[in-house]
Amino acid sequence: MTEELVVSDPQERFQDFFKTDKYRQRLAEMAIEGKTSVIVDFEDLMIADSELAEMLLKKPDEYLQHANRAAYEQLQVEDSAYAEQIEEVQVRIRGLPESVPLRMLGSEHIGKLVMVEGIVVRATPVRPMVMRAVFKCKRCETLHYIDQTGSFLRAPLKCSNPTCGRTGPFEFVQEESTFIDSQDIRIQERPEELPPGQLPRSLTVKLVGKDIVDKARPGDHVAIVGIVRASSPRVPKAGRLRVFRLHLDANSVDVKSKEPETIRISPEEEKQILELAKDPWIHRKILMSIAPSIYGYEHIKEAIMYLLFGGVPKRLPDINVRGELNVLLIGDPGTAKSQLLQYVARIAPRGLYTSGRGTTAAGLTAAVIREKGGGMTLEAGALVLADKGVACIDEIDKMRPEDRVAIHEAMEQHTVSVAKGGIVATLNARTAILAAANPALGRYDPYRTVAENINLPVTILSRFDLIFVLRDQPEKETDAKMSEHILSLHKRGTVPIETPIPPDLLRKYISYARNITPILTDEAIERLRDFYLEMRSTSETEGSPIAITARQLESLVRIAEARARAALRKEVLAEDAEAAIAIMRRSLEEVGIDVSTKKMDIDIIMTGKPKSLRDKLQVVLREIIGMEKETGMVEKRVLLEKLEKDYDIRRAEAERLIGQLIRDGTIYEPREGFIKKT
Ligand SMILES: Nc1ncnc2c1ncn2[C@@H]1O[C@H](COP(=O)(O)OP(=O)(O)O)[C@@H](O)[C@H]1O
Ligand SMILES: [Mg+2]
Ligand SMILES: [Zn+2]
C-alpha cells in the first residue's frame, strides 16, 4: 500500500463493518455487561475491508475516531436507550497480525498503531485523570470547560466573558470536572525472548479507561495494542529535551498469562514428540539431555527433570496444593551449581535466572517503590516474573531480608502479597524454584546439620521438596573421569556425549507434556502409602527421630506425577511412585542422616536440629533463663562451666549450641562474653 491511499468516507465504511452480525451482537450485548467499549478483532476488519484496516494502522488517531463514531451510531440502532446513557463508545482493537519486539520499537513507529508483547514489571495504582476540566474565573465567576490532552493540566488563557476578558486568576472546580481512570504500567521483554547477555528493554504504557486499567498486574504476560508516542521530559528553566522518549497510549490490553504457556508446536514436531514418548528409556533420554556438558550429578539432573515437568496443582474447595516442585542444591564452590541453574533457565518454558539478591529493587518477591514524581509503583520480583515457569535462584542464602519474610508465601501458596504505600495487591507466583546456596562456612561440613551449614531458616528449607548436597571431595576415579570430560569439552568445544534430545525439541516436549494431567493409579497410591507408613512406623517409639512428615508425602505425589508427565502418560504408575520414593530417599539421606546415630531424622530439616540436639538446646536455654533471673546478664564463661559440670556437655559442643541459639535469634550477645535472652 502506498502513502497516497485515500479512503473515502471512512466512518461510513466502519459503519458497514459494524453492521455485520458478529459486531451487531457485540454492540447489542454492551448494555448487559454495562460496557462502554467494544472489542474489534483486527483480523475481522482485514477480511471485511483491508484498506480501512491498513489506514487504521497508519493513522490511528484519526481512524479510531471514525471507528468510535461509527460504533456509536450502530449502537443507537441496536439499543438506543443504552446509547443515550453512555454517550460514546470506545473501539478497542485486538490481535494485530504481528507484534513489534520492544527492542525494535523506533522513530518510524511514532503515531502508528502497533501491538507489543511483554511482561508487566510495574504498575501504579489506578488514578483519576481529568478529561474535561472546569475552571472558574475568580473575577466574574464564569465557568470554562477545557478538554484536556497531554500530561499537564491546561487552564484557559483568557476569560471568555466579554465584559471581563481578564487573564485570571482561575480556580479549578473539581466537582464539575470529569475524570477517567488511568494507570501507568511498565512492560519488559519476556525473559525467554531476551538475546543472551542483553539487558531487557522496557516500555511505559499509559492506560486510560475503566475497562482497561487494573486488568494486568505485575508478572502478567500481555499483548497491548496502542499508539506509539514520543515525549520529552521537561527540564526546569531549560525547556524540553531534544531527545524524546517513547511510550505507548494503550488502546487494548490482552492478558495472556491466564492461559498456560504454549510454545507453538508444528504437527511435524508433535509427531516427533509422540514418537519420543514411546521410548521405554524416555526418562533416561531426557535426563541425559539436561546440561550434557556437566559431568555426573545424575540424581540432580533427574530431580531437575521432575522440576521441569512438574506435578498437578490441586484446587480443593478449601485449600490449594501446589504442583510445582522446589529443589535446593547446597554445595561447595566450583561444583557447577551456577552452570546448572543457568542451563535450566534457558531450557525451561518461562525460565528465569537470578541471584538471591535479585537484579532489581523488587528482589525475589515484590516491592513498592517511590517514583521520581512522588507516586508509588508496584514492581514485580523474580518469582512473580517467572509465574508459571521456573525461577533459578543462585545464592539464595544472600536474599534480602524482605524476601526472607515474603518467600514463604510464594513457595507454598504461590502468591506474593503486598500492602505498602497505599498499594494492596496479591500477585501470582506459580513458580517452580531451583535454588543454589553456598555453605555459610565456605565448605559443607557433614558433621553439622543442613540448617547449620547454610544461612537459611528452616521454615524456608522445609519448603523444598528435594535438597541435595554437592561436595567437592577429591576422589581418584571420579576426578580422573571428570577431568577427562572437562578437558575434552574444552578441546573440541562441543559436548563430548551425544545429546539424545536437542534443547529446542526438549523445550517443546516439556511444554507439550505440561498440558497433561496424570492421575494416580491405585498401585501408585499403594506404593506411596506403604513407604510413608513404613517410614512413620520407625518413629513410633517415644523419642526416636521422625523420619518423614505429610509434607514429604505431598512431594512424593508431585514427583510421581511429574515422572508420568515426562512419559506423556495420563496415569501415574507404580514405577513412577517407586522412582519418586528412590529420589526422595536419596535426598533425605543426603541431608537427613543424623551422623551420630546413622538414623534418618527429618527433624534436621524441619527444625534444623535432631531430636537429641533439640533437647540439649532446651537445656542450654533453660540454664540461661535461670541464670538471667539471678544475675541479669549471663556470663558465658560461667554458663560453659555449669553446662560441663551439671550436664556433661563439653565446651566445644556448648559453644556450638550457643552459636545455634544466637543464629536462631533466641539469644544475643549484648557485649563480648555475655549472653541475654531476646
Ligand atoms: N561436574 C562438572 N562437570 C563439568 N564442569 C564442571 C563440573 N563441576 C564444575 N565444573 C566447572 O567448574 C566451573 C565452576 O562452576 P560454577 O557453576 O561456577 O560453580 P558454583 O556455582 O557451584 O560455585 C564451571 O566452569 C564448571 O563448568
Ligand atoms: Mg556459583
Ligand atoms: Zn472573568
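## Exercises on ligand 1, a zinc site and a helix

In this predicted model, an oxygen atom of ligand 1 sits 3.1 Å from a polar backbone atom of Thr335. Let's build on that.

**Exercise 1.** Find which residues come nearest to ligand 1, and look for polar contacts at Gly334 and Lys337.

*Solution.*
- Step 1: There are 14 residues around ligand 1, and the nearest are Tyr295, Gly334, Lys337, Ser338 and Gln339.
- Step 2: Gly334 offers a polar backbone atom 2.7 Å from an oxygen atom of the ligand.
- Step 3: With Lys337, a polar side-chain atom is 2.7 Å from an oxygen atom of ligand 1.

**Exercise 2.** Work out the geometry of the site of the zinc ion (ligand 3).

*Solution.*
- Step 1: Collect the protein donors: the SG atoms of Cys137, Cys140, Cys159 and Cys164, at 2.2 to 2.4 Å from the zinc ion.
- Step 2: Check the angles among the four donor atoms, which run from 99 to 116°. Four donors count as tetrahedral if all angles lie between 85 and 135 degrees, so this site is tetrahedral.
- Step 3: Read the donor spacing along the sequence: C-x2-C-x18-C-x4-C. Cys137, in strand β4, and Cys164, in the loop between β5 and β6, are 27 residues apart and link distant parts of the chain. Both of these cysteines are buried.

**Exercise 3.** Explain why the buried residues of helix α23 lie on the same side.

*Solution.*
- Step 1: Locate α23 at residues 651-664; its 14 residues reach 20 Å from first C-alpha to last.
- Step 2: List its buried residues: Ala654, Leu657, Ile658, Gln660 and Leu661.
- Step 3: These residues cover an arc of only 155° around the axis, so they share one side of α23.
- Step 4: Just after the helix, find Gly665 with a positive phi, near 80°.

Note on methods: Residues are numbered from 1 along each chain as its sequence is written. Chains are lettered from A and ligands numbered from 1 in the order in which they are written. This is a predicted model: local features need pLDDT of at least 70, side-chain atom pairs count only at pLDDT 80 or more; totals for chains, interfaces and linings use all residues. Side-chain values use heavy atoms; hydrogens and water are left out. Donors are N, O and S atoms within 2.8 Å of the metal (3.2 Å for Na, K and Ca); water is not among the atoms, so sites may look incomplete. Four donors count as tetrahedral if all angles lie between 85 and 135 degrees; four count as square planar and six as octahedral if opposite donors are over 155 degrees apart and all others between 65 and 115; anything else is irregular. Helices (H or I, at least four residues) and strands (E, at least two) are DSSP runs, numbered from the N terminus. Buried means under 20% relative accessible area, exposed over 50%, partly exposed in between (1.4 Å probe, protein chains only). The expected span of a helix is 1.5 Å times one less than its number of residues. The arc is that of the directions from the helix axis to the C-beta atoms. A residue is near a molecule or strand if one of its heavy atoms lies within 4 Å of it. A polar contact is a pair of N or O atoms within 3.5 Å; within protein, one must be able to donate a hydrogen and the other to accept it, and residues adjacent in sequence count only if both atoms are side-chain atoms.
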